[in-house]
Amino acid sequence: MTLDALASKYRAAIAAAVDEAALEDVRVGAMGKQGEISLKMRELGKMSPEERQVMGPALNALKDEIASALAAKKAGLADAALDERLRSEWLDVTLPARGRPAGTIHPVSQVTEEVAAIFADMGFAVAEGPRIETDWYNFDALNIPGHHPARAEMDTFYMQRAEGDNRPPNVLRTHTSPVQIRSMEAQGAPIRIICPGGVYRADYDQTHTPMFHQVEGLAIDKNISMANLKWTLEEFFSAFFGTKVKTRFRASHFPFTEPSAEVDIQCSWEGGTVKVGEGDGWLEVLGSGMVHPKVLAAGGIDPEVYQGFAFGMGIDRIAMLKYGIPDLRAFFESDLRWLRHYGFASLDVPTLHGGLSR
Ligand code: DAH
């Protein structure tokens with residue numbers, strides 16, 4: 001083939017290549033090891049010097065022309081490929097996002113956070129303890145010895161011991177009070193803590209479930225009195241219900257406090273619904289008192305130097321009151337319709353400044 005024929009053959013082939021792969025085939029056909037132009041270059045060696053003087057420059061010129069045509073076409077194809085990607089892979093970032101099913105925060109979790117936020121503001125830290133407790137922490141250390149009627153009244157769930165193990169069985173804690181003892185042991189006095197968490201009793205009706213939630217409060221120092229307890233509780237209930245709430249203390253008895261009081265909050269009963277913080281009705285919400293000296297001693301704190309108040313309150317119960325939830329059992333049935341209705345958005349984080357609830 002003449003050089004002119006070769007030149008027009010490859011000009012046409014380069015122009016016709018539709019993508020980079022086709023162009024590469026053209027390059028190999030012309031300039032690869034066995035390419036037509038490469039073979040022509042090799043023939044130069046066999047020519048007479050006169051022939052070579054004519055053919056040499058002509059072949060080099062052809063080679064250069066085809067090489068630069070290939071390079072130009074290659075750049076053009078790459079640009080076209082990029083343009084095509086930019087056109088086809090375009091994304092409309094202004095479109096609304098696809099919806100995702102969102103869960104809700106359970107009222108117990110929400111109210112626990114609310115309680116913690118309010119008490120944190122008064123200097124109380126959150127302490128936790130195990131739900132499986134020894135009978136020492138759940139009973140004896142709290143001044144409830146083996147024969148004490150309070151043990152029988154608690155409807156306790158007992159764990160099983162291995163055969164031949166004669167230690168008293170562990171229990172599912174019947175209240176959060178054992179965390180008082182654990183916290184005294186762990187940090188000594190002074191103490192200001194609340195202890196929220198699940199507790200267990202064998203009981204089931206509209207206001208009782210075998211597992212429910214309490215929050216314990218404990219403040220120990222050198223000059224703590226019932227007056228501090230009353231102020232703390234009124235401050236708490238007023239913040240929690242978002243309105244000034246009065247409390248009424250009734251003398252009572254608990255083994256772990258002396259004196260002991262049951263605490264009622266002010267409320268009104270109108271048309272079957274309870275309104276907290278108004279009216280002349282009273283609603284019992286917690287047990288409390290001054291920590292019994294034997295309990296302080298069991299926790300390793302000297303009752304001659306320190307004293308303190310304690311209280312225990314049902315979290316589920318105050319959640320029902322605040323959010324108008326009629327049946328406790330529904331809390332633990334995992335009914336999605338109930339959870340969507342009474343649950344909270346995950347971004348409704350309760351804080352004192354941001355607001356405690358919807
Ligand atoms: N532990 C008691 C209960 O579960 C509640 C309670 C009463 C806790 C008085 C206290 C307290 O800390 O002082 O019924």
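# Exercises on a predicted model

His147 has a relative accessibility of 70%, so this residue counts as exposed. The structure is a predicted model. The exercises below start from His147 and then turn to a second histidine.

**Exercise 1. Classify His147 and His175 as buried or exposed, and place each in the chain.**

Step 1. The cut-offs are under 20% relative accessible area for buried and over 50% for exposed.

Step 2. His147, at 70%, is therefore exposed. Its place is the loop between α6 (135-138) and α7 (149-153). Its C-alpha atom is separated by 36 Å from that of Gln266, a residue 119 places away along the chain.

Step 3. His175 has a relative accessibility of 3% and is therefore buried. This histidine sits in the loop between β3 (171-172) and α8 (178-187).

**Exercise 2. Describe what surrounds the side chain of His175.**

Step 1. Begin with the contacts. Leaving out residues up to four places away in sequence, His175 touches Asn138, Leu142, Ile144, Met154, Val199, Arg201, Gln214 and Phe256.

Step 2. Add the polar contacts. A polar side-chain atom of His175 is 3.0 Å from the backbone oxygen of Asn138. The side chains of His175 and Ser177 are joined by a polar contact of 3.5 Å.

**Exercise 3. Which residues come nearest to the ligand, and which polar pairs can be listed?**

Step 1. The ligand has 15 residues around it, and those that come nearest are His175, Ser177, Arg201, Gln214 and Glu216.

Step 2. From Ser177, a side-chain N or O atom lies 3.0 Å from a nitrogen atom of the ligand. From Arg201, a side-chain N or O atom lies 2.8 Å from a ligand oxygen.

Step 3. Ala310 takes part through its backbone: an N or O atom there is 3.3 Å from an oxygen atom of the ligand.

**Exercise 4. Trace helix α9 from its N-terminal cap into the largest nonpolar core.**

Step 1. At the N-terminal end, Ser225 caps α9, with a side-chain oxygen 3.1 Å from the backbone nitrogen of Ala227. Just after the helix, Gly242 has a positive phi of about 70°.

Step 2. The 16 residues of α9 reach 22 Å from first C-alpha to last, close to the 22 Å expected at 1.5 Å a residue.

Step 3. Its buried residues are Leu229, Thr232, Leu233, Glu234, Phe236, Phe237, Ser238, Phe240 and Phe241. An α-helix has 3.6 residues a turn, so residues three or four places apart point the same way.

Step 4. The largest nonpolar core has 45 residues, and Val115, Phe236, Phe237 and Ile265 touch the most other members. Elements that each supply at least two residues of this core include α5 (107-121), α9 (226-241) and β7 (257-270).

Step 5. Val115 touches Ile194, Val215, Phe236, Phe240 and Ile318, with residues up to four places away in sequence not counted. A second, separate core has 26 residues, among them Ala141, Phe256, Leu296 and Ala298.

**Exercise 5. Where is the kink in helix α4, and what covers its buried residues?**

Step 1. Helix α4 spans residues 49-88, which is 40 residues. From first C-alpha to last α4 reaches 57 Å, close to the 58 Å expected at 1.5 Å a residue.

Step 2. The kink, of about 30°, is at Met55, shortly before Pro57.

Step 3. Gly56, Leu59, Leu62, Ile66, Leu70 and Leu77 are the buried residues of α4. Their cover includes α1 (3-16), α2 (20-31) and α3 (36-43).

**Exercise 6. Find the cis peptide bonds before Pro190 and Pro259, and the positive phi values at Asp155 and Ser334.**

Step 1. Most residues other than glycine have a negative phi, and most peptide bonds are trans.

Step 2. The bond from Ala189 to Pro190 is cis, with omega near -5°. Pro190 belongs to the loop between α8 and β4 (191-200). Glu258 and Pro259 are also joined by a cis peptide bond, with omega about -5°, and Pro259 is in strand β7.

Step 3. Asp155 is not a glycine, yet has a positive phi of about 50°. Asp155 lies in the loop between α7 and β3, and with a relative accessible area of 34% counts as partly exposed.

Step 4. Ser334, also not a glycine, has a positive phi of about 55°. Ser334 is in the loop between α11 and α12, and a relative accessible area of 60% makes this serine exposed.

Terms used:
Residues are numbered from 1 along each chain as its sequence is written. This is a predicted model: local features need pLDDT of at least 70, side-chain atom pairs count only at pLDDT 80 or more; totals for chains, interfaces and linings use all residues. Side-chain values use heavy atoms; hydrogens and water are left out. A nonpolar core is a set of buried Ala, Val, Leu, Ile, Met, Phe, Trp, Tyr and Cys residues joined through side-chain atoms within 4.5 Å. Buried means under 20% relative accessible area, exposed over 50%, partly exposed in between (1.4 Å probe, protein chains only). Helices (H or I, at least four residues) and strands (E, at least two) are DSSP runs, numbered from the N terminus. Contact means heavy atoms within 4.5 Å. The expected span of a helix is 1.5 Å times one less than its number of residues. A polar contact is a pair of N or O atoms within 3.5 Å; within protein, one must be able to donate a hydrogen and the other to accept it, and residues adjacent in sequence count only if both atoms are side-chain atoms. The bend at a residue is the angle between axes fitted to the seven residues ending there and the seven starting there. A residue is near a molecule or strand if one of its heavy atoms lies within 4 Å of it.
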